[in-house]
Amino acid sequence: MRSFHPLLASTITSMALLAAGGAQAQTYGPQDEGRRFNDGSRVVCHKQEVANNARDNNRIAGTATGAVIGGLLGNQVGGGNGRKLATAGGAVAGGLIGRNVQGRNQERNGQRVVQTRCERVYR
């Protein structure tokens, strides 16, 4: 059985840490506004309205409910293979409609918050 060489293990570990450290994106806050860098870029901040309302961001409940209702309605149409196709089509259409309805309700009833977002702007 071969043993793992300690120098090789430490080299691999340090390379992994360097790669992970370089992969992180720099974030900027309001305290950095106006900061300039050697490459001519600078930090610019702006206020942005953000929706802070959705408990179901993926709109799963609306999609599922719409798909079930659409499938049931599609199942009432046609016979044989046509009924299967109508059921599948009704489920897809119902899912799309349910997702859209839930999204509009979340937008209308949601709480909005103004946040300061800062980013580095390159010229």
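Just 1 salt bridge turns up in this predicted model. The partners are Arg-120 and Asp-39, whose closest N and O atoms are 3.3 Å apart. This pair ties together distant parts of the chain, with the two positions 81 residues apart in sequence numbering. Arg-120 belongs to strand S2 (residues 112-121), while Asp-39 comes from the loop that runs between helix H1 (6-22) and strand S1 (42-51). As for solvent, Arg-120 has a relative accessibility of 26%, so this residue counts as partly exposed.

Arg-120 has a second partner besides Asp-39: the charged end of the arginine sits over the ring of Phe-37, 3.7 Å from the ring centre. Phe-37 in turn pairs up with Tyr-28. The structure holds 1 aromatic pair, and the arrangement of these two rings is edge-to-face, at 6.0 Å centre to centre with 65° between the planes. Both rings belong to buried residues, as the relative accessible area is 15% for Tyr-28 and 19% for Phe-37.

Then there is helix H3, which covers residues 81-109. Its 29 residues stretch 42 Å from the first C-alpha to the last, close to the 42 Å expected at 1.5 Å a residue. The buried positions in H3 are Gly-90, Gly-94, Gly-95, Gly-98, Gln-102, Gly-103 and Gln-106. An α-helix has 3.6 residues a turn, so residues three or four places apart point the same way. What the buried residues of H3 pack against is helix H2 (60-74).

How values were computed. Residues numbered from 1 in each chain as written. Predicted model: local features only at pLDDT ≥ 70, side-chain atom pairs only at ≥ 80, totals over all residues. Heavy atoms only, no water. Helix = DSSP H or I, 4+ residues; strand = E, 2+ residues; numbered from the N terminus. Expected span 1.5 Å × (residues − 1). Buried < 20%, exposed > 50% of the residue type's maximum accessible area, 1.4 Å probe, protein only. Contact = heavy atoms within 4.5 Å. Salt bridge = Lys/Arg side-chain N within 4 Å of Asp/Glu carboxyl O. Phe/Tyr/Trp six-rings, centres within 6.5 Å; stacked < 30°, edge-to-face > 60°. Lys NZ or Arg CZ within 6 Å of the ring centre and 35° of its normal.
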